[in-house]
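Colleague: Can you take me through this model? I have some short questions and will jump around a bit.

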Amino acid sequence: HSAARHCKRSVLLIYFVSNTMIKLLPFLFLVLLLPSCGSTPCSPGSLRLGLVGFSEAEAHDLIIRRYPKGSNFTAKIDSIIVQAGYTRFNDTLETTSITGDASLYSMYDYELVFNSAGRLYRVTEIQEEFNEQKNTLFHNNKDLCINKITGLKVNGQPTPTVYSFKFYLLK
């Protein structure tokens, strides 16, 4: 008689535990999914440079001056001397390697100075399309998520971008 009572208690205990676990499963599922809710801002977009009509010697001594966006070039933040490697395709030099941070970002205006070519280019109104990447349970970072640069002005003239990351200067 005692064994039957013990067996009945065991069955009730198993029923209670399994019933409780079934009720907790949705809660556990939500706890596991909460970190994957929402989205992550994409990395800032940046522009690289192509040069049309420049010689390698003229392209070699590039100076980039950075200014606050919309400052009308009155409050220089900094300047860098860029050492870049180029590959020539007909009359165009494509950047292949760069020392220093020669990327152009939408939060600044820039002056690009080519002393050997006697040229100064003012880059303004860089327009960036801000995007977010939706997080999932298995992907919760911003790898390969980069904002697109959709437009800019060079010396006051609208200038197109190529593949949202490159623009060309004409000598």
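Modeller: Let's begin with L47. This is a predicted model, and in it L47 counts as buried because its relative accessibility is 1%, where buried means under 20%.

Colleague: Where does L47 sit?

Modeller: L47 is in strand β2, which covers residues 46–52.

Colleague: And what does L47 touch, leaving out residues up to four places away in sequence?

Modeller: With those left out, L47 touches A102, S103, L104, I126, I149, L152, T161, F165, K166 and F167.

Colleague: How far apart are L47 and F167, in sequence and in space?

Modeller: L47 and F167 are 120 residues apart in sequence, and their C-alpha atoms are 6.9 Å apart in space.

Colleague: What about that sort of long-range contact over the chain as a whole?

Modeller: Taking contacts between residues at least 6 apart in sequence, 62% join residues at least 24 apart.

Colleague: K166 was on the L47 list. Is K166 buried or exposed?

Modeller: K166 counts as buried because its relative accessibility is 12%, and the limit for buried is under 20%. K166 lies in strand β12, residues 166–170.

Colleague: Which side chain does K166 make a polar contact with?

Modeller: The side chain of E94, at 2.5 Å. E94 also appears among the residues K166 touches, which are L47, R48, G50, E94, P160 and T161 once residues up to four places away in sequence are set aside.

Colleague: Switching to empty space. How many cavities of 30 Å³ or more does the search find?

Modeller: One, from a search of the whole structure. The largest cavity holds about 90 Å³ of space. Of the 13 residues that line the largest cavity, L49, L62, I64, I98 and A102 are the closest to its centre.

Colleague: Which strands supply at least two residues each to that lining?

Modeller: β2 (46–52), β3 (62–68), β4 (78–89) and β5 (92–99) each do.

Colleague: And what is the lining like by class?

Modeller: Eleven residues are nonpolar, one is polar and one is charged.

Colleague: Staying with β5 for a moment, what about S97?

Modeller: S97 is found in strand β5. Its relative accessible area is 41%, so S97 is partly exposed, between the 20% and 50% limits. Leaving aside neighbours within four places in sequence, S97 is in contact with Q83, A84 and G85. The C-alpha atoms of S97 and Q83 are separated by 8.3 Å, with the two positions 14 residues apart along the chain counted as their spacing.

Colleague: Can we back up to the overall layout?

Modeller: The chain has two helices and twelve strands. From the N terminus on, the order is α-β-β-α-β-β-β-β-β-β-β-β-β-β. Of its 171 residues, 31% count as buried.

Colleague: How do β7 and β8 pair?

Modeller: Strand β7 (residues 108–114) and strand β8 (residues 119–129) run antiparallel, joined by five bridges. One of the bridge pairs is F114 with R119 in β8. The two strands form a hairpin with four residues between them.

Colleague: Which residue in that turn has a positive phi?

Modeller: G118, at about 65°.

Colleague: What does β8 do with β10?

Modeller: β8 is joined to strand β10 (residues 148–154) by five bridges, and the two run antiparallel. There, E129 has K148 in β10 as its bridge partner.

Colleague: Back to phi. What about E125?

Modeller: E125 is not a glycine, and its phi is positive, near 50°. E125 is found in strand β8. E125 counts as partly exposed because its relative accessibility is 39%, which falls between 20% and 50%.

Colleague: And Y163, what is its phi?

Modeller: Near 55°, again a positive value in a residue other than glycine. Y163 is placed in the loop between β11 (157–159) and β12.

Colleague: Is Y163 buried or exposed?

Modeller: Y163 has a relative accessible area of 70%, so Y163 is exposed, the limit for that being over 50%.

Colleague: Thanks, that covers my list.

How values were computed
Residues numbered from 1 in each chain as written. Predicted model: local features only at pLDDT ≥ 70, side-chain atom pairs only at ≥ 80, totals over all residues. Heavy atoms only, no water. 1 Å grid on protein atoms, 1.4 Å probe; cavity = no way out; pocket = protein on both sides within 12 Å on 5 of 7 lines; lining within 4 Å. Points joined across faces, edges and corners; volume = space filled by probe spheres on them. Nonpolar A, V, L, I, M, F, W, Y, C, P; charged D, E, K, R; others polar. Buried < 20%, exposed > 50% of the residue type's maximum accessible area, 1.4 Å probe, protein only. Polar contact = N/O pair within 3.5 Å; in protein donor to acceptor, adjacent residues only side chain to side chain. Contact = heavy atoms within 4.5 Å. Pairing = 2+ DSSP bridges.
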